[in-house]
Amino acid sequence: MRLRLALAALLLPPLAAAQTDAAPPAAPTPPADSAAAVEALRVADEMPRPVGGIKALYGRIVYPEAARQDGVEGQVFVEAIVDEEGRAVDAVVLRSPDDRLSEAALTAVRASPFVPGRQGGAAARVWLTVPITFKLQAPEPVEPEGGAVAEGGAADGRPSVKPQLIGGLESLQRRVEYPESAWRAGVEGTVVVEFVVDEMGVVVDPVVVQTPDRRLNEAALQAVRTSLFVPGAVGGEPTPVRFSVPIRFRLHPQARSLPARRSN
């Protein structure tokens, strides 16, 4: 049985503001007794990256033999602070299908050196979320969730696995802040954003390719920039893939005068 692991590492930023349909999920709470957690940023000018790239972190993941024998698969989400020295500290598992996979994921993240994040030109403590997928057989190409459209594949025709939007399109929609000027003007519609999901699962160069009103564009772009992806793969290797998502803006009939504001 061939082992395939697909993983992506990127910042899980704070969820800011209002949306038309549902409240966003709360950001994980840092440990109360950790000074590093109190000082760490959720968003930085430059995000932390594993030294040696995604393949270096990938090479430190060991599938637990007992879990492999039991056919255990699934995705583990590890959150940690990357400090000014590039060390992963205060690492915790946010979600996991099995304790054995949790320990393997934690071990790999703790053992990985990182290029520190930077804020204002200086190294800074930055929160990082690493989604790690444990898979016992080669994944089949799948369609993206929520009606998103993906394009990808190598020139030699090898099969591609498309990027996966973690949490689905619904989670992205919940992060959208409806612009007040558009809300007051009764502007609705769908904004289509196109971008590249790189080999780390990071959104690169997002652009609006379709919009009903330019006032909605920045809100759509910001929601995409803060999204988490499992990267696409070609021939089993993570690879950049062009991707697009539709973001829908819809007003509640009873609340067209002013958008409700949430505190962060």
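How many bridges join strand β12 to strand β13, and in which sense do the two strands run? In this predicted model, strand β12 (residues 189-197) and strand β13 (residues 203-210) are joined by five bridges and run antiparallel.

## The β12–β13 hairpin

Within this pairing, V196 has V204 of β13 as its bridge partner. The hairpin of β12 and β13 has five residues between its strands, and in it G201 takes a positive phi near 85°.

A positive phi also appears in β13 itself, where D205 lies: the value for D205 is about 55°, although the residue is not a glycine. With a relative accessible area of 61%, D205 is exposed, because exposure is counted from over 50%.

## Overall make-up and confidence

The chain holds seven helices and 17 strands, and 47% of its 264 residues count as buried. Among contacts between residues at least 6 apart in sequence, 77% join residues at least 24 apart. The chain exposes about 12,800 Å², of which carbon and sulfur atoms supply 51%.

Confidence in the prediction varies along the chain: the mean pLDDT is 75, and 71% of the residues reach 70 or more. Confidence is highest in α4, at 94, and lowest in strand β9 (residues 149-151), at a mean of 40. The pLDDT is below 50 over residues 138-159, a stretch that has 42 contacts in the model beyond near neighbours in sequence. Residues 256-264 also have a pLDDT below 50, and for this stretch the model shows 23 contacts beyond near neighbours in sequence.

## The largest nonpolar core

In soluble globular proteins, nonpolar side chains tend to be buried together. The largest nonpolar core of this model has 25 residues, and those with the most contacts inside it are L172, V193, F195, V224, V245, I247 and F249. At least two residues of this core come from each of α5, α6, β12, α7 (217-225) and β17, and α7 gives the most, with five residues. L172 illustrates these contacts: leaving aside neighbours within four places in sequence, L172 is in contact with L165, A223, V224, S227, V245 and I247.

The buried residues of α7 include N217, A219, A220, L221, A223 and V224, and what covers the buried residues of this helix includes α5, β12, β13 and β17. A second, separate core has 23 residues, among them A67, A105, V109 and L136.

## Aromatic pairs

The count of aromatic pairs comes to six. In one of them, the ring centres of Y178 and F249 lie 5.3 Å apart with their planes at 85°, so the pair is edge-to-face. Y178 lies in the loop between α5 (168-174) and α6 (180-184), whereas F249 lies in strand β17 (residues 241-249), so the pair ties together parts that are 71 residues apart in sequence.

Both Y178 and F249 are buried, and together with W183 they form one aromatic cluster. F249 is also listed among the residues with the most contacts inside the largest nonpolar core.

## Strands β3 and β8, and D90 in β4

Strand β8 (residues 126-135) is mostly covered, with nine of its ten residues buried. Strand β3 (residues 74-82) pairs with β8 in the antiparallel sense over nine bridges, and V78 stands opposite V130 in β8.

D90, found in strand β4 (residues 88-95), has a positive phi near 55° in a residue other than glycine. The relative accessible area of D90 is 29%, so D90 counts as partly exposed, a class that lies between the limits of 20% and 50%.

## R100 and its surroundings

Which residues are in contact with R100, once its neighbours within four places in sequence are left aside? The contacts of R100 are P64, A66, A67, D70 and V72, and R100 itself has its place in helix α4 (residues 99-111). Although R100 and R68 are 32 residues apart along the chain, their C-alpha atoms are separated by 9.9 Å.

At 31% relative accessibility, R100 counts as partly exposed. One of its contacts, A67, belongs to the second nonpolar core, which also includes A105, V109 and L136.

Definitions and conventions. Residues numbered from 1 in each chain as written. Predicted model: local features only at pLDDT ≥ 70, side-chain atom pairs only at ≥ 80, totals over all residues. Heavy atoms only, no water. Helix = DSSP H or I, 4+ residues; strand = E, 2+ residues; numbered from the N terminus. Buried < 20%, exposed > 50% of the residue type's maximum accessible area, 1.4 Å probe, protein only. Contact = heavy atoms within 4.5 Å. Areas by Shrake-Rupley, 256 points an atom, 1.4 Å probe, with all protein chains shown as cover. Phe/Tyr/Trp six-rings, centres within 6.5 Å; stacked < 30°, edge-to-face > 60°. Pairing = 2+ DSSP bridges. pLDDT = per-residue confidence, 0-100. Core = buried A, V, L, I, M, F, W, Y, C linked by side-chain atoms within 4.5 Å.
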